[in-house]
Amino acid sequence: MLRCRSVLSFAQCLFRRKVVEMDSLEDSKLCRCLSTVDLIALGVGSTLGAGVYVLAGEVAKGNSGPSIIVSFLIAALASVMAGLCYAEFGARVPKTGSAYLYSYVTVGELWAFITGWNLILSYVIGTSSVARAWSGTFDELLGKQIGRFFSTYFRMSSPGLAEYPDFFAVCLILIISGLLSFGVKESAWVNKVFTAVNVLVLMFVIIAGFVKGDTENWKITEDALINFTAVTRNLSLAGNVTSAYGVGGFMPFGFEGTLAGAATCFYAFVGFDCIATTGEEVKNPQKAIPIGIVTSLLVCFLAYFGVSAALTLMMPYYLLDEKSPLPVAFEYVGWGPAKFVVAVGSLCALSTSLLGSIFPMPRVIYAMAEDGVLFKVLARINPKTKTPVIATMASGVVAAVMAFLFDLKALVDMMSIGTLLAYSLVAACVLILRYQPDGSYAKPSCNPEKENLTSEDGEMELMESESQLAMLKEGGFTLQTVLNPSMLPTEQSSTVVNIAVSVITFVVCIVSTLTTYKGEAVLAMESWILGLLAVCLVVFIVCLLVVWRQPQTSKKVSFMVPMLPFLPVLSVFVNVYLMVQLSGDTWIRFAVWMAVGFLIYFGYGIRHSLEGQQDEDDDSAHSDLENKNSAEGVEDDDNADENNQFIIHEKTSEC
């Protein structure tokens with residue numbers, strides 16, 4: 001039963017942290033069979049989806065022009081910041097759960113549940129949308145015969161629902177879910193085959209683009225763009241015609257357009273975090289996970305960079321087709337049959353992206369159910385395949401139902417909230433964890449000698465902890481202790497970092513909101529907003545310097561984020577800024593989803609949490625020890641009274 005009887009104890013329940021048994025990291029209920037190559041293929045396949053065949057044309061034509069390669073570079077750097085944070089956590093806490101687990105060991109149970117619940121939403125919507133995209137691409141190859149048939153006989157006209165039920169997408173999701181249930185090793189083999197085909201097709205596109213490309217397409221003049229605008233819109237050149245496609249050159253829409261393109265391209269690198277969910281299924285996870293994340297991001301950047309460069313060299317950016325740029329570009333240079341090669345690569349990319357969306361979803365559900373914050377039945381493992389079968393099939397059925405019935409275009413933005421929230425929390429957690437005292441998130445395996453401590457030893461430890469607490473209270477948080485702390489991290493320095501990181505995150509939220517919704521006031525140089533931004537900047541710099549002055553943990557792992565604390569803070573800023581850009585409708589849907597999650601957590605999870613049960617066991621053991629000590633004290637008092645009575649009786653008899 002839950003024993004939170006006061007506001008303080010209830011808050012402690014919400015922010016209790018998971019303690020990982022570091023001496024039993026090799027013990028796993030799942031099958032530990034994945035190699036580093038499997039992780040790289042999983043990350044590349046999940047990240048390098050169909051977007052590489054579509055996104056480059058859309059961004060180049062509408063935002064960046066030929067400078068789309070710079071947009072991808074900026075987006076890759078922003079993604080690498082999040083990737084490095086994931087890589088360090090993968091080295092420090094190589095267990096299943098990804099951002100959910102990382103939040104649990106650092107900032108507590110409530111934030112962990114929020115993160116995990118939103119990751120589930122992201123994976124479900126991602127799986128459903130990719131399955132419908134796969135179905136649509138396959139239908140295009142067949143001349144849209146499938147769509148016409150279902151639109152004729154199974155048309156749905158209700159608002160919010162799809163035009164027709166997508167039976168093909170349902171079958172696809174169930175097949176992939178069954179494959180994952182059959183075994184992770186077999187799934188990894190299939191993923192490597194599809195990823196290899198996808199990479200080979202992209203290499204063909206890049207090489208063909210550089211062979212048939214023309215650098216003059218990066219030097220288009222503004223006059224040519226004005227003439228093209230006048231022709232396409234039936235305008236007279238005698239009037240003041242302005243170009244609808246920028247001013248030409250390498251950056252036709254200016255650096256602002258390149259940055260806008262980078263914000264869109266950032267989502268092209270989403271997917272690498274699925275590697276972080278394999279902590280209990282990979283051999284040597286403390287090395288394999290960081291290598292897998294960093295290498296997959298590098299491969300994806302090279303692919304996006306090469307395809308976008310080849311595309312804009314083959315064809316002027318203003319002529320690109322936004323929906324199918326590569327086939328149109330090959331038609332433009334006279335290589336029409338190459339579109340079939342592109343179609344094969346696109347289907348393989350969608351297949352690996354679908355597998356990458358489904359793969360991490362049951363792992364996160366399993367980790368949450370194993371900790372007790374979700375229904376325990378979801379944590380069952382098949383003894384033969386060593387996979388979370390119930391979590392896999394349950395999540396697959398939910399994704400299949402969504403793909404079958406709903407129009408997912410309005411829900412796709414909700415994927416971004418879950419992903420960006422996870423990125424932000426992981427970056428903040430790296431800061432907090434690096435400045436914590438050694439072993440604060442981990443404990444060694446049980447030692448029988450330590451379990452058999454006498455009550456005197458317990459009293460001595462209690463007295464030592466009380467004396468340390470008294471010393472801490474005497475010292476207090478003075479400017480001297482904050483700016484010139486000890487050489488090793490302490491609870492005091494860790495608390496300073498926690499407060500500073502919280503203030504930094506709050507300031508980042510304020511600045512992102514002001515620059516997004518009050519941009520006109522900033523451009524107009526209004527005094528109130530400039531003063532507010534100046535105050536935010538001063539607070540931000542002070543907090544950042546305070547964090548920088550604190551001592552870091554001495555425990556080294558196979559990978560550590562460089563340039564601390566600046567790189568994680570920059571990652572938090574990028575992610576929060578992108579979250580603020582999302583529409584109000586998206587935030588309303590997010591609030592509804594979170595309301596459902598809180599009903600589950602406060603109705604079930606908080607009472608069945610494994611960490612909460614361990615705390616109750618510790619409390620009961622402590623109370624039993626106190627009762628035992630008090631009973632012994634009563635016996636000692638009774639014996640003393642008897643002895644005193646005996647002595648008095650002896651004295652009386654002697655008299």
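# A first look at helix α21 and its surroundings

S494 sits in helix α21, and this predicted model is a good place to meet that helix. With a relative accessible area of 5%, S494 is buried. Setting aside neighbours within four places in sequence, S494 is in contact with Y435, Q436 and P437.

## The pairing of α21 and α23

Which helix does α21 cross at roughly 155°? The partner is helix α23, which covers residues 527-549, while α21 covers residues 491-517. Their axes come within 9 Å of each other. Because the crossing angle is over 145 degrees, α21 is roughly antiparallel to α23. The crossing in which α21 passes α23 is left-handed.

On the α21 side, the contact is made by V496, V497, A500, V503, I504, V507, V508, I510, V511 and L514. On the α23 side, the residues taking part are I529, L532, L533, C536, V539, F540, C543, L544, V546 and V547. What kind of residues make up this contact: nonpolar, polar or charged? The contact of α21 with α23 has 20 nonpolar residues, no polar ones and no charged ones.

V511 is worth a visit of its own. This valine lies in α21 and is one of the residues in the contact with α23. V511 counts as buried because its relative accessibility is 17%, below the 20% cut-off. Not counting residues up to four places away in sequence, V511 touches L533, C536 and F573. Two of these names, L533 and C536, also appear in the α23 side of the helix contact. V511 can be compared with V576 as well: the two are 65 residues apart in sequence, and their C-alpha atoms are 9.9 Å apart in space.

## Two other helices

Now for α2 and α17, set side by side below.

| Helix | Residues | Number of residues | First to last C-alpha | Expected at 1.5 Å a residue |
|---|---|---|---|---|
| α2 | 36-47 | twelve residues | 16 Å | 16 Å |
| α17 | 412-434 | 23 residues | 34 Å | 33 Å |

In α2, the reach is close to what is expected, and the reach of α17 is likewise close to its expected value.

How many of the twelve residues of α2 are buried? Ten of them are, so α2 is largely enclosed by the rest of the structure. The buried residues are D38, L39, I40, A41, L42, G43, V44, G45, S46 and T47. Among the elements covering them are α9 (184-212), α12 (285-314) and α14 (338-358). Helix α17 is mostly covered too, with 20 of its 23 residues buried.

## Backbone details in the loops

A few loop residues have backbone angles to look for. K386 is found in the loop between α15 (360-370) and α16 (389-405). Although K386 is not a glycine, its phi is positive, at about 55°. Is K386 buried, partly exposed or exposed? It counts as partly exposed, because its relative accessibility is 38%.

M525 belongs to the loop between α22 (519-523) and α23. M525 also has a positive phi of about 55° without being a glycine. With a relative accessible area of 57%, M525 is exposed.

Further along comes P565, placed in the loop between α23 and α24 (566-580). What is the form of the peptide bond from L564 to P565? That bond is cis, with omega near 0°.

Methods: Residues are numbered from 1 along each chain as its sequence is written. This is a predicted model: local features need pLDDT of at least 70, side-chain atom pairs count only at pLDDT 80 or more; totals for chains, interfaces and linings use all residues. Side-chain values use heavy atoms; hydrogens and water are left out. Axes are lines fitted to C-alpha atoms, for helices over the stretch in contact, and angles run from 0 to 180 degrees between N-to-C directions. Helices (H or I, at least four residues) and strands (E, at least two) are DSSP runs, numbered from the N terminus. Angles under 35 degrees count as roughly parallel, over 145 as roughly antiparallel, 65 to 115 as roughly perpendicular and the rest as oblique. A crossing is left-handed if the near helix is turned anticlockwise from the far one by less than a right angle, and right-handed if clockwise. Contact means heavy atoms within 4.5 Å. Ala, Val, Leu, Ile, Met, Phe, Trp, Tyr, Cys and Pro count as nonpolar, Asp, Glu, Lys and Arg as charged, and the others, Gly among them, as polar. The expected span of a helix is 1.5 Å times one less than its number of residues. Buried means under 20% relative accessible area, exposed over 50%, partly exposed in between (1.4 Å probe, protein chains only).
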